[in-house]
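Open the structure in your viewer and keep the selection tool at hand. This tour goes stop by stop.

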Amino acid sequence: LRRNAGEVEFHQAVEEVLESLGCVIAKHPDYMSRALIERLCEPERQIIFRVPWIDDKGRFRINRGFRVQFNSALGPYKGGLRFHPSVNVGIIKFLGFEQTFKNALTGLPIGGGKGGSDFNPRGRSDAEIMRFCQSFMTELYRHLGEYTDVPAGDIGCGAREIGYLFGQYKRLTNRYEAGVLTGKGLTYGGSRARTEATGYGATYFVDSMLRTKGTSFDGRRAVVSGSGNVAIYAIEKIHEFGGKVIACSDSSGFVVDDNGIDLDLLKETKLVRRERISAYAEAKGAGAVYSEKGSIWDVPCDVAIPSATQNELTGKDAKSLVDNGVIAVAEGANMPSTPDAIRLFHEAGILFGPAKAANAGGVATSALEMQQNASRDSWTFDETEARLAAIMRRIHDRCAETADEYGAPGNYALGANITGFVRVAEAMQALGVI
Ligand code: NDP
């Protein structure tokens with residue numbers, strides 16, 4: 001703790017994983033040898049750098065850039081870039097730590113990393129975003145490579161930003177190294193279904209959990225927080241599966257729409273006009289109620305998919321969901337539920353899909369993008385989505401089987417932590433103390 005003072009989110013993430021490992025260490029005491037746990041908690045490399053850029057008024061701006069290369073035992077570092085004013089080293093470390101186990105869980109050859117900046121893209125012009133991204137990459141490029149470190153997007157870093165980052169990487173290196181970034185546009189090496197992958201993947205994960213209880217999304221009411229990349233495509237897939245999403249949000253407030261969120265209008269509002277969720281409610285008119293008070297988790301629903309940010313769903317929110325009869329919760333965002341909330345979900349016996357498992361569809365499809373880049377191929381949407389669906393069903397089954405094996409049936413959080421840990425631990429032990 002002293003070594004990572006003040007890194008609250010990092011402590012929270014490490015504690016959550018280590019708490020699950022008692023039973024696996026009892027079975028494999030060799031995992032305690034060669035300081036494996038200490039090495040796992042220490043990033044291989046942390047890069048912190050200055051990002052200077054000039055705004056549209058000619059003012060000089062300085063942001064801080066981060067890349068935490070957490071663990072490369074299974075493959076090149078892989079994980080997104082987050083552009084949000086709340087970003088600091090503790091947040092990036094928690095995300096990189098989580099990413100290591102999530103990537104292991106996919107079964108694909110990717111290590112874990114994460115990065116970003118405290119840059120706030122909100123309200124910035126396109127030219128400002130481009131200048132910022134170019135400056136960010138001007139430092140970061142020397143640490144990247146398709147066999148070294150392959151970033152993707154995250155909060156505040158979507159297809160537009162990845163395009164500017166890739167353009168600058170190409171210019172600096174004089175190499176068309178498509179596999180160095182994922183989440184690229186389709187015209188320059190992107191994969192079909194990558195944009196949709198995290199939201200779709202979380203929905204496949206919930207569907208798999210519901211099947212274990214002999215039920216499905218059909219006719220069920222769902223609440224999805226956020227209205228960004230993950231949320232939008234979770235909503236799309238839930239509607240395709242016959243469910244109805246009745247509420248979503250942004251950091252200012254949430255909208256409840258009893259007739260079901262109008263996906264075309266939501267996409268137009270968020271992706272084309274880049275407006276707030278309040279603008280969706282205004283445009284929708286009758287039936288849509290916007291609120292800046294209270295919690296989205298007070299809206300009664302059968303399925304909840306928190307897809308905005310860390311610690312957005314507290315113990316109080318979890319109680320509200322449980323009291324209102326929720327049957328399944330899956331984390332679309334990274335660590336959106338506080339430890340209290342997770343405890344409550346487990347005590348109440350509801351289906352709970354932890355982030356590492358439920359939102360792994362994004363990074364899994366990024367790995368599929370790397371495969372297509374390496375073989376200079378481009379798969380159809382249906383083919384890529386079929387692979388995504390199969391990966392999500394496999395992740396679900398692995399978590400469930402591991403939970404059974406360790407005497408905690410239905411505890412997907414335990415199953416995910418142990419499955420991810422064992423794969424990374426085996427590789428780290430095989431590679432020696434490095
Ligand atoms: P986006 O930037 O596309 O969307 C984020 C959404 O969450 C926005 O609606 C945003 O609202 C809201 N939000 C952000 N911060 C806060 C906050 N402090 N309080 C309330 N709402 C907030 O990001 P993504 O959809 O890509 O990512 C969402 C989550 O999913 C993150 O935790 C991310 O790490 C995780 N994730 C994303 C993956 C991906 O492929 N994109 C893969 C795996 C995980 P506002 O516009 O007001 O800021």
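In which sense do strand β1 and strand β2 pair, and over how many bridges? Select residues 45–54 for β1 and residues 60–71 for β2. The two strands pair in the antiparallel sense, over 10 bridges. Keep in mind that this is a predicted model.

**Stop 1: the hairpin**

Zoom in on Ile54. Its bridge partner in β2 is Phe60. Now look between the strands. The hairpin of β1 and β2 has 5 residues there. Pick Gly58 among the hairpin residues: Gly58 takes a positive phi near 85°.

**Stop 2: outward from β2**

Add strand β4, residues 112–117. β4 pairs with β2 in the antiparallel sense, and 6 bridges join them. To find one pair, select Gln69 and Gly113, which are bridge partners.

Next, add strand β3, residues 77–83. Here the sense is parallel: β3 and β4 share 3 bridges. Phe83 stands opposite Ser117 in β4.

Now show helix α4, residues 89–105. The helix packs on the sheet and touches β1, β2, β3 and β4. Compare directions: that of α4 makes about 150° with that of β4.

**Stop 3: the whole 5-stranded sheet**

Which order do the strands follow? Read across β1-β2-β4-β3-β5. The sheet is open, with mixed pairing. β1 and β5 (149–152) are the edge strands, and each pairs on one side only. Neighbouring strands are turned by 20° against each other on average, direction ignored.

One general point helps when viewing any sheet. Strands pair through backbone hydrogen bonds, either parallel or antiparallel.

**Stop 4: the sheet of 7 strands**

Move to the other sheet. Its order is β9-β8-β7-β6-β10-β11-β12. This sheet is open too, and its pairing is mixed. Find the edge strands, β9 (288–291) and β12 (351–353); each has a partner on one side only. On average, neighbouring strands here are turned by 15° against each other, direction ignored.

Select β10 (residues 303–305) and β11 (residues 328–330). They run parallel, joined by 2 bridges. Ala304 stands opposite Val329 in β11.

**Stop 5: two domains**

Colour residues 42–177 as domain 1 and residues 198–349 as domain 2, following the domain assignment. How far apart do their C-alpha centres lie? The distance is 27 Å. The contact between them takes 5 residues from domain 1 and 5 residues from domain 2. On the domain 1 side, those residues divide into 3 nonpolar, 1 polar and 1 charged.

**Stop 6: the ligand**

Select the ligand and the 23 residues around it. Which come nearest? They are Gly228, Ser251, Ala308, Ala333 and Gly362. By class, the shell has 5 nonpolar, 15 polar and 3 charged residues.

Show helix α8, residues 229–240. This helix gives the largest share of the shell, 3 residues. Keep the domain colours on. The shell draws at least three residues from each of domain 1 and domain 2.

**Last stop: confidence**

Colour the model by pLDDT. The mean for the protein is 97, and 100% of its residues reach 70 or more. Which elements have the lowest and the highest mean pLDDT? Helix α2 (residues 22–27) has the lowest, at 94, while β10 has the highest, at 99. The model scores ipTM 0.98 and pTM 0.97.

Definitions and conventions: Residues are numbered from 1 along each chain as its sequence is written. This is a predicted model: local features need pLDDT of at least 70, side-chain atom pairs count only at pLDDT 80 or more; totals for chains, interfaces and linings use all residues. A residue is near a molecule or strand if its C-beta atom, placed from the backbone, lies within 6 Å of it. Helices (H or I, at least four residues) and strands (E, at least two) are DSSP runs, numbered from the N terminus. Ala, Val, Leu, Ile, Met, Phe, Trp, Tyr, Cys and Pro count as nonpolar, Asp, Glu, Lys and Arg as charged, and the others, Gly among them, as polar. Domain bounds come from an automatic or database domain assignment. Two strands pair if DSSP finds at least two bridges between them. Axes are lines fitted to C-alpha atoms, for helices over the stretch in contact, and angles run from 0 to 180 degrees between N-to-C directions. Two residues are in contact if their C-beta atoms, placed from the backbone, lie within 7 Å. pLDDT is the predictor's confidence in each residue, from 0 to 100.
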